[in-house]
Amino acid sequence: MAASGLDKRYDGQPALDQVSLRLEPGTVLGLIGRNGAGKTTLIRALLGLIETDAGSASIWGHPALQMGDECKARLSYVPQQPEALAWLKVDDMLDFIGRFYPRWDAAFVDATLDRWELPRNRMLAKLSPGERQRVAIIRALAPQPELLVLDEPAAALDPVARRELLREIALRAGESGTTVLFSTHIVSDLERVASHVAFMHQGRLLLHSELDSLKERHLRLHVPPAAADQLVGPVPGEVARRPHPYGGHSVVIVREEGAAWPMLAHAPGVQREVLSLEDLFVEVAG
Ligand SMILES: Nc1ncnc2c1ncn2[C@@H]1O[C@H](COP(=O)(O)OP(=O)(O)OP(=O)(O)O)[C@@H](O)[C@H]1O
């Protein structure tokens, strides 16, 4: 799955601004960003569900906008608010959908409905939002997709259900090599399962990196007033800068993998701080 140069405007406002992204097979990419950052728009553009103003998206080398049935059968998508087939009972909907998929795992459906204590005979429209989301997740996993796309799957789930979902995603990725793209604003969820992380902010993709190397590549420097002369121009790799309330500045920097830190990181009186993912998110998107 890949996109290059995606632009999308709504009422003149950019929802996607020159977004390029490549999802390598077998990775679990967590897409993180604040409300309205453009996550859903990006997911829909990647899947060819909306046309963009510029740029292109492809899935397994085919243009996303002209995806054929063969490709569709290899991927599953859980939208933020699953609404399809709401007049059917849980069991009937899953039976009906299952007929379209050769690799439909009926035993998984059965076991997971029990494990998640979902009412099989109730109409989808009468389920709670969290229950509906769980059913949508079962529906998405049962065909054993090669590519699983989840738009804020945890939004309506309680903490126990969230853990179960994350465990299931990790299992699929680890055992079957399923490629996963999921959006979230819960940083701890992302840290639990993602191999890669992408930050969206105001329609732009600010950062796309392997999760493990992210912390090694970023640093917050606390620069005391005495070293202020070092901050006249931009610091190499500068991502964010804030004045400290008690004087001095904090500067977040990024370096290429294996590259050296800029001189400022070694300057006298400058303190280095390794950022958590949450801190980094707040720094770039705050
Ligand atoms: N159909 C639409 N018509 C007009 N504006 C839209 C439409 N869809 C999205 N937008 C706007 O585009 C921007 C990005 O929205 P999007 O839903 O992609 O954000 P998001 O990151 O998924 O947000 P959230 O975390 O709240 O779900 C927002 O400002 C939103 O209001």
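**Domains, core and ligand shell**

Biologist: In this predicted model, how many Å apart do the C-alpha centres of domain 1 and domain 2 lie?

Modeller: The chain is divided into two parts, with domain 1 covering residues 2-202 and domain 2 covering residues 213-285. Between the C-alpha centres of domain 1 and domain 2, the distance is 35 Å.

Biologist: Which elements give two or more residues to the side of domain 1 that touches domain 2?

Modeller: The contact involves nine residues of domain 1 and six residues of domain 2. On the side of domain 1 that touches domain 2, five residues are nonpolar, two are polar and two are charged. The elements that give two or more residues to this side are strand E3 (28-33), helix H7 (187-193) and strand E9 (196-201).

Biologist: Which helix gives the most to the largest nonpolar core?

Modeller: This core holds 58 residues, and those touching the most other members include Leu 29, Leu 31 and Ala 198. Both domain 1 and domain 2 supply at least three residues to the core. With six residues, the element that gives the most is helix H5 (residues 129-141).

Biologist: Which residues does Ala 198 touch, not counting those up to four places away in sequence?

Modeller: Ala 198 is one of the core residues that touch the most other members. Leaving out residues up to four places away in sequence, Ala 198 touches Leu 21, Leu 29, Leu 31, Leu 205, Leu 207 and His 208.

Biologist: Which helix gives the most to the shell around the ligand?

Modeller: The surrounding residues include Tyr 10, Asn 35, Lys 39, Thr 40, Thr 41 and His 185. By type, the shell has three nonpolar residues, seven polar and one charged. Giving the most to this shell, with three residues, is helix H1 (residues 39-46).

Biologist: Which residues are covered by the UniProt annotation "domain: ABC transporter"?

Modeller: The span in question is 33% helix and 30% strand, and its end C-alpha atoms lie 46 Å apart. According to the unreviewed UniProt entry, the annotation covers residues 1-227.

Biologist: What percentage of the residues in the protein chain is buried?

Modeller: The chain contains nine helices and 14 strands, and its C-alpha trace spans about 70 × 40 × 35 Å along its principal axes. A residue counts as buried if 20 or more other C-beta atoms lie within 10 Å of its own. Of the 286 residues in the protein chain, the buried share is 34%.

Note on methods: Residues numbered from 1 in each chain as written. Predicted model: local features only at pLDDT ≥ 70, side-chain atom pairs only at ≥ 80, totals over all residues. Near = placed C-beta within 6 Å. Helix = DSSP H or I, 4+ residues; strand = E, 2+ residues; numbered from the N terminus. Nonpolar A, V, L, I, M, F, W, Y, C, P; charged D, E, K, R; others polar. Domains from an automatic or database assignment. Contact = placed C-beta atoms within 7 Å. Core = buried A, V, L, I, M, F, W, Y, C linked by C-beta atoms within 7 Å. Buried ≥ 20, exposed ≤ 12 C-beta atoms within 10 Å, placed from the backbone. UniProt positions renumbered as here; feature names shortened; annotations may be inferred.
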